[in-house]
Amino acid sequence: MTVNMTKGQAISLQKADGGTLTAVRMGLGWQAAKRRGLFGSRTREIDLDASAVLFADKQPVDVVFFRHLQSDDGSVKHTGDNLVGGAGQGGDDESILVDLQRVPVHIDQIVFTVNSFTGQTFQEVENAFCRIVDETNGQELARYTLAGGGQYTAQIMAKVSRVGGGWQMTALGTPANGRTFQDLMPAILPHL
(Lines give C-alpha, C1' and ligand atoms only; values in the text may rest on other atoms or scores of the structure.)
Protein backbone atom coordinates (compact mmCIF):
# COMPACT_ATOMS: atom_id res chain seq x y z
CA MET A 1 0.00 0.00 0.00
CA THR A 2 1.37 3.40 -1.01
CA VAL A 3 1.36 6.38 1.33
CA ASN A 4 0.68 9.63 -0.54
CA MET A 5 2.83 12.07 1.38
CA THR A 6 2.32 15.73 2.06
CA LYS A 7 5.01 18.35 2.62
CA GLY A 8 6.83 17.73 5.90
CA GLN A 9 5.25 14.32 6.51
CA ALA A 10 7.58 11.60 7.77
CA ILE A 11 7.12 7.84 7.45
CA SER A 12 9.15 4.95 8.77
CA LEU A 13 10.84 2.87 6.09
CA GLN A 14 10.01 -0.51 7.59
CA LYS A 15 8.22 -3.41 5.98
CA ALA A 16 4.61 -4.15 6.89
CA ASP A 17 5.73 -7.38 8.59
CA GLY A 18 8.03 -5.39 10.88
CA GLY A 19 11.19 -6.28 8.96
CA THR A 20 13.72 -3.70 7.93
CA LEU A 21 14.04 -2.48 4.37
CA THR A 22 17.37 -3.35 2.82
CA ALA A 23 17.24 -1.49 -0.51
CA VAL A 24 15.08 1.36 -1.78
CA ARG A 25 14.78 3.29 -5.01
CA MET A 26 13.96 6.98 -5.20
CA GLY A 27 12.18 7.46 -8.50
CA LEU A 28 11.63 10.81 -10.18
CA GLY A 29 9.17 11.29 -13.01
CA TRP A 30 7.95 14.33 -14.92
CA GLN A 31 6.56 15.62 -18.19
CA ALA A 32 6.90 18.95 -19.92
CA ALA A 33 3.70 20.98 -19.62
CA LYS A 34 1.92 21.57 -22.90
CA ARG A 35 1.97 25.18 -24.00
CA ARG A 36 -0.69 26.68 -26.19
CA GLY A 37 0.61 28.60 -29.13
CA LEU A 38 -0.63 30.11 -32.35
CA PHE A 39 -0.27 26.75 -34.11
CA GLY A 40 -1.68 24.48 -31.39
CA SER A 41 -0.15 23.05 -28.25
CA ARG A 42 3.44 21.93 -28.00
CA THR A 43 5.90 20.82 -25.38
CA ARG A 44 9.45 21.94 -24.75
CA GLU A 45 12.04 19.44 -23.55
CA ILE A 46 12.92 19.85 -19.90
CA ASP A 47 16.00 18.27 -18.32
CA LEU A 48 15.30 17.62 -14.65
CA ASP A 49 18.08 15.99 -12.65
CA ALA A 50 17.77 13.84 -9.54
CA SER A 51 20.58 14.00 -7.01
CA ALA A 52 21.28 12.43 -3.63
CA VAL A 53 23.54 14.24 -1.17
CA LEU A 54 24.94 12.07 1.62
CA PHE A 55 25.50 13.77 4.98
CA ALA A 56 27.42 12.81 8.10
CA ASP A 57 26.71 14.99 11.11
CA LYS A 58 25.25 17.75 8.88
CA GLN A 59 28.31 17.82 6.62
CA PRO A 60 28.08 16.75 2.95
CA VAL A 61 30.48 13.84 2.39
CA ASP A 62 29.40 12.45 -1.00
CA VAL A 63 26.90 13.06 -3.79
CA VAL A 64 25.31 10.98 -6.50
CA PHE A 65 24.09 12.77 -9.63
CA PHE A 66 24.37 12.57 -13.42
CA ARG A 67 28.12 13.28 -13.42
CA HIS A 68 28.93 11.01 -10.45
CA LEU A 69 26.64 7.98 -10.84
CA GLN A 70 27.80 6.08 -7.77
CA SER A 71 28.74 7.03 -4.23
CA ASP A 72 32.38 6.42 -3.35
CA ASP A 73 31.41 3.42 -1.21
CA GLY A 74 29.01 2.00 -3.85
CA SER A 75 25.90 2.04 -1.62
CA VAL A 76 24.04 4.69 -3.66
CA LYS A 77 23.71 4.50 -7.47
CA HIS A 78 22.09 6.73 -10.08
CA THR A 79 20.65 4.79 -13.03
CA GLY A 80 21.45 7.50 -15.57
CA ASP A 81 20.47 10.91 -16.87
CA ASN A 82 17.17 11.48 -18.69
CA LEU A 83 17.32 14.70 -20.68
CA VAL A 84 13.62 15.12 -21.56
CA GLY A 85 11.32 13.36 -19.05
CA GLY A 86 8.10 11.59 -19.83
CA ALA A 87 9.95 8.51 -21.09
CA GLY A 88 8.14 6.24 -18.70
CA GLN A 89 4.66 7.63 -19.48
CA GLY A 90 4.09 8.14 -15.77
CA GLY A 91 6.94 5.88 -14.65
CA ASP A 92 10.35 6.84 -13.31
CA ASP A 93 12.47 8.95 -15.62
CA GLU A 94 15.48 8.94 -13.28
CA SER A 95 16.15 6.65 -10.33
CA ILE A 96 18.59 6.53 -7.47
CA LEU A 97 19.11 3.15 -5.80
CA VAL A 98 20.10 3.03 -2.14
CA ASP A 99 21.41 -0.16 -0.54
CA LEU A 100 20.53 0.78 3.03
CA GLN A 101 22.58 -2.07 4.48
CA ARG A 102 25.73 -0.83 2.73
CA VAL A 103 25.38 2.86 3.60
CA PRO A 104 28.34 3.54 5.91
CA VAL A 105 27.37 4.01 9.56
CA HIS A 106 28.67 7.59 9.64
CA ILE A 107 26.13 8.63 6.95
CA ASP A 108 23.04 9.71 8.89
CA GLN A 109 20.99 11.50 6.20
CA ILE A 110 20.53 11.32 2.45
CA VAL A 111 18.76 14.28 0.86
CA PHE A 112 17.12 13.90 -2.56
CA THR A 113 16.86 16.95 -4.79
CA VAL A 114 15.60 17.72 -8.26
CA ASN A 115 16.70 20.65 -10.35
CA SER A 116 16.06 21.96 -13.83
CA PHE A 117 19.49 21.79 -15.42
CA THR A 118 18.25 23.75 -18.44
CA GLY A 119 16.79 26.48 -16.19
CA GLN A 120 13.06 26.19 -16.89
CA THR A 121 10.81 26.83 -13.93
CA PHE A 122 8.41 24.31 -12.45
CA GLN A 123 5.58 26.19 -14.16
CA GLU A 124 6.73 24.33 -17.27
CA VAL A 125 6.62 20.88 -15.61
CA GLU A 126 3.63 18.68 -14.94
CA ASN A 127 2.96 15.27 -13.42
CA ALA A 128 6.20 15.47 -11.44
CA PHE A 129 6.66 13.10 -8.52
CA CYS A 130 9.18 11.52 -6.20
CA ARG A 131 8.55 8.03 -4.88
CA ILE A 132 10.24 5.50 -2.65
CA VAL A 133 10.07 1.86 -3.74
CA ASP A 134 11.12 -1.30 -1.88
CA GLU A 135 13.72 -2.45 -4.39
CA THR A 136 13.54 -6.07 -3.22
CA ASN A 137 9.93 -6.54 -4.37
CA GLY A 138 9.04 -3.43 -6.41
CA GLN A 139 6.35 -2.26 -3.97
CA GLU A 140 5.83 1.49 -3.88
CA LEU A 141 6.01 2.63 -0.27
CA ALA A 142 5.54 6.37 -0.53
CA ARG A 143 4.83 8.95 -3.19
CA TYR A 144 5.25 12.70 -3.02
CA THR A 145 3.62 14.64 -5.85
CA LEU A 146 5.17 17.94 -6.76
CA ALA A 147 2.38 20.49 -6.70
CA GLY A 148 2.64 22.30 -10.04
CA GLY A 149 3.79 25.75 -10.84
CA GLY A 150 6.16 28.14 -9.25
CA GLN A 151 8.93 30.48 -10.32
CA TYR A 152 11.63 28.16 -9.03
CA THR A 153 13.98 25.80 -10.81
CA ALA A 154 14.61 23.20 -8.12
CA GLN A 155 13.09 21.39 -5.21
CA ILE A 156 14.48 19.68 -2.15
CA MET A 157 12.21 16.69 -2.43
CA ALA A 158 12.78 14.32 0.46
CA LYS A 159 15.31 12.90 2.85
CA VAL A 160 15.95 9.56 4.48
CA SER A 161 17.42 9.67 7.98
CA ARG A 162 18.70 7.09 10.41
CA VAL A 163 16.30 6.70 13.33
CA GLY A 164 17.32 4.14 15.91
CA GLY A 165 18.19 0.98 13.99
CA GLY A 166 16.17 1.86 10.88
CA TRP A 167 15.46 4.61 8.40
CA GLN A 168 12.71 7.21 8.07
CA MET A 169 11.64 9.20 5.01
CA THR A 170 10.48 12.82 5.25
CA ALA A 171 8.79 14.57 2.31
CA LEU A 172 10.26 18.08 2.19
CA GLY A 173 8.94 19.64 -1.01
CA THR A 174 10.87 22.86 -0.48
CA PRO A 175 11.16 25.10 -3.56
CA ALA A 176 14.60 26.44 -4.38
CA ASN A 177 16.56 27.88 -7.27
CA GLY A 178 19.57 26.35 -8.92
CA ARG A 179 20.70 24.32 -11.89
CA THR A 180 22.78 21.81 -9.88
CA PHE A 181 22.82 20.28 -6.41
CA GLN A 182 25.72 22.60 -5.50
CA ASP A 183 23.45 25.60 -6.01
CA LEU A 184 20.94 24.04 -3.57
CA MET A 185 23.27 23.48 -0.61
CA PRO A 186 22.23 26.67 1.27
CA ALA A 187 18.58 25.62 0.94
CA ILE A 188 19.29 22.01 2.03
CA LEU A 189 21.14 22.80 5.26
CA PRO A 190 18.08 24.01 7.28
CA HIS A 191 16.46 20.58 6.70
CA LEU A 192 19.23 18.58 8.36
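Two strands are said to pair if DSSP finds at least two bridges between them, and in this predicted model one such bridge has Val-114 with Gln-155 as its partner in β13. The strand β10 is where this briefing begins, with the residue Gln-109 followed through its surroundings, and it then turns to a group of aromatic rings and to Thr-174.

**Strand β10 and its partners**

- Strand β10 covers residues 109-116, and it is mostly covered, since 8 of its 8 residues are buried.
- In a regular strand the side chains alternate between the two faces of the sheet.
- In β10, Gln-109, Val-111, Thr-113 and Asn-115 point one way, while Ile-110, Phe-112, Val-114 and Ser-116 point the other way, and all of these residues are buried.
- Strand β6, made up of residues 48-56, pairs with β10 in the antiparallel sense over 8 bridges, and one place to look for this pairing is Phe-55, whose bridge partner in β10 is Gln-109.
- Strand β13, made up of residues 154-163, also runs antiparallel to β10, and the two are joined by 7 bridges.

**The surroundings of Gln-109**

- Gln-109 has a relative accessible area of 8%, and because buried means under 20% relative accessible area, this residue counts as buried.
- The side chain of Gln-109 makes a polar contact with the side chain of Lys-159, at 3.1 Å.
- When neighbours within four places in sequence are left aside, the residues in contact with Gln-109 are Val-53, Leu-54, Phe-55, Lys-159, Val-160, Ser-161, His-191 and Leu-192.

**Aromatic rings**

- The count of aromatic pairs in the model comes to 3, and one of them joins Phe-65 and Phe-66 in an edge-to-face arrangement, with 5.5 Å from centre to centre and 80° between the planes.
- Phe-65, with a relative accessibility of 12%, counts as buried.
- Ring pairs link Phe-65 and Phe-66 with Phe-117 and Phe-181, so that the four residues are described as a cluster.
- Phe-117 also has a charged neighbour, for Arg-179 lies over the face of its ring at 4.6 Å from the ring centre.

**Thr-174 in strand β14**

- Thr-174 has its place in strand β14, which is made up of residues 166-176.
- The relative accessibility of Thr-174 is 17%, and Thr-174 therefore counts as buried, given that the cut-off for this word is under 20%.
- Thr-174 and Met-157 are 17 residues apart along the chain, and their C-alpha atoms are separated by 6.6 Å.

Notes: Residues numbered from 1 in each chain as written. Predicted model: local features only at pLDDT ≥ 70, side-chain atom pairs only at ≥ 80, totals over all residues. Heavy atoms only, no water. Helix = DSSP H or I, 4+ residues; strand = E, 2+ residues; numbered from the N terminus. Buried < 20%, exposed > 50% of the residue type's maximum accessible area, 1.4 Å probe, protein only. Polar contact = N/O pair within 3.5 Å; in protein donor to acceptor, adjacent residues only side chain to side chain. Contact = heavy atoms within 4.5 Å. Phe/Tyr/Trp six-rings, centres within 6.5 Å; stacked < 30°, edge-to-face > 60°. Lys NZ or Arg CZ within 6 Å of the ring centre and 35° of its normal.
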